Amino acid sequence: MRLDGKIALITGAARGQGAAAARRFAAEGAKVMLTDVLDDQGKELAAELGAEYCHLDVSDEDGWAEAVAVTISTFGDITVLVNNAGILHFSALAETTLADYQRVIGINQVGTFLGMRAVVESMTRAGGGSIVNVSSVEGLGGMPYLVAYTASKFAIRGMTKVAAMELGQHGIRVNSVHPGAINTPMVGEALGRPIDISPIGKKVALRRVGQPDDVANVVLFLASDESAYCSGAEFVVDGGATATHALS
Ligand SMILES: NC(=O)c1ccc[n+]([C@@H]2O[C@H](COP(=O)([O-])OP(=O)(O)OC[C@H]3O[C@@H](n4cnc5c(N)ncnc54)[C@H](O)[C@@H]3O)[C@@H](O)[C@H]2O)c1
């Protein structure tokens, strides 16, 4: 199996893309620690997969120390970290409150920083590993009404490269994944009502929105030794959304 012997911690794993990654990882032989703030959903999925669950708010520094310690004591040193948890907030730049800006940055950006920092010691002890940071196409280009989200996702793309440069000597690879429009509850949650995002799919080369498994398969590749020579790189999973520009 492609992840035999791997010990993985995934954030935001109770649903959406994180849940899809957890399913793929478990099916490919990894020992998986699912983490999230949605404890009931997370525990249920972990039980279904024969995996484990631990509560983790990624913006909480002490929470990271605890989640890493629990993972190590349950399975051993961590060899895969997927920084997947994230939130979206729509508002015009002029109307974005500092509290909303900081909330998005605190989860998406600070959460990714804290996560990478928290696993360095364990991964180094293990002789290496793979960190997968979930950014977005908003980490490659700007999107109106998403100032905090876009800032956080550009930051993730940048810090991925710094981490790759620093940690390569320990056998730790660090890459970013840039999904386009993916069919998960995220947009509906940000808008406060369920929404059908499938019309957005008509705009991209592949003429459909993505499914969580489209992203999970790329995350799986990056977690596995198949990507042994990939580090500091950007992996776009957007159906061709960023293949063109606004003038096309
Ligand atoms: N859905 C898309 O179109 C899309 C596109 C590009 C990037 N992304 C990114 O993909 C990642 C996964 O999103 P998704 O689409 O699966 O959305 P989702 O809302 O279904 O899943 C996000 C998960 O993160 C968890 N989460 C939220 N705040 C948290 C916190 N403080 N601590 C820990 N967990 C927390 C949620 O409970 C949820 O389980 C996010 O980083 C998101 O920004 C999504």
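User: Where is the place of Q17 in this model?

Analyst: Q17 sits in helix α1. Keep in mind as we go that this is a predicted model.

User: Why is Q17 called buried?

Analyst: Its relative accessible area is 16%. Buried means under 20%, so Q17 counts as buried.

User: Which residues is Q17 in contact with, leaving aside its neighbours within four places in sequence?

Analyst: Those partners are N84, V134, P179, I182, T184, P212 and V215. P212 and V215 also appear in the contact that α8 makes with α1, so let's look at that pair of helices.

User: Happy to. What makes α1 and α8 oblique to each other?

Analyst: The axes of α1 and helix α8 (residues 212-223) cross at roughly 50° and come within 8 Å. Angles under 35 degrees count as roughly parallel and 65 to 115 as roughly perpendicular. An angle of roughly 50° belongs to neither class, and therefore the two helices are oblique. Their crossing is right-handed.

User: Which residues make the contact of α1 and α8?

Analyst: From α1 come G16, Q17, A20, A21, R24 and F25. From α8 come P212, D213, V215, A216, N217, V219, L220 and A223. Sorted by class, that gives 9 nonpolar, 3 polar and 2 charged residues.

User: And why is α1 called roughly parallel to α2?

Analyst: Here the packing angle is about 20°, with the axes 10 Å apart. The cut-off for roughly parallel is under 35 degrees, so α1 and α2 fall in that class. The contact is made by A19, A22, R23 and A26 of α1 together with L45, E48 and L49 of α2. By class it holds 5 nonpolar, no polar and 2 charged residues.

User: Let's stay with α2. Which of its residues are buried?

Analyst: In α2, which covers residues 39-49, G42, L45 and A46 are buried.

User: How do you know that the buried residues line one face of the helix?

Analyst: Looking down the axis of α2, they fall within an arc of 100°, so they line one face. On the other side, D40, K43, E44, A47 and E48 are exposed.

User: What do the buried residues of α2 pack against?

Analyst: They pack against α1 (16-27), β2 (31-36) and β3 (52-55). Following α2 in the chain is G50, which has a positive phi, near 70°.

User: What makes α4 and α5 roughly parallel to each other?

Analyst: The axes of helix α4 (residues 98-126) and helix α5 (residues 147-167) cross at roughly 15° and come within 8 Å. Since roughly parallel requires an angle under 35 degrees, α4 and α5 therefore qualify. The crossing of α4 past α5 is right-handed.

User: Which residues take part in the contact of α4 and α5?

Analyst: On α4 they include Y101, V104, I105 and N108, and on α5 they include V147, A148, Y149 and A151. By class, the contact has 15 nonpolar, 4 polar and 1 charged residues.

User: One last residue: why does L191 count as partly exposed?

Analyst: L191, in helix α6 (residues 186-191), has 34% relative accessibility. Buried would need under 20% and exposed over 50%, so L191 counts as partly exposed.

User: How many residues apart along the chain are L191 and F90?

Analyst: They are 101 residues apart along the chain, while their C-alpha atoms are separated by 7.5 Å.

Terms used
Residues numbered from 1 in each chain as written. Predicted model: local features only at pLDDT ≥ 70, side-chain atom pairs only at ≥ 80, totals over all residues. Heavy atoms only, no water. Buried < 20%, exposed > 50% of the residue type's maximum accessible area, 1.4 Å probe, protein only. Helix = DSSP H or I, 4+ residues; strand = E, 2+ residues; numbered from the N terminus. Arc of directions from axis to C-beta. Contact = heavy atoms within 4.5 Å. Axes fitted to C-alpha atoms, helices over the stretch in contact; angles between N-to-C directions. Parallel < 35°, antiparallel > 145°, perpendicular 65-115°, else oblique. Nonpolar A, V, L, I, M, F, W, Y, C, P; charged D, E, K, R; others polar. Left-handed = near helix turned anticlockwise from the far one by under 90°.
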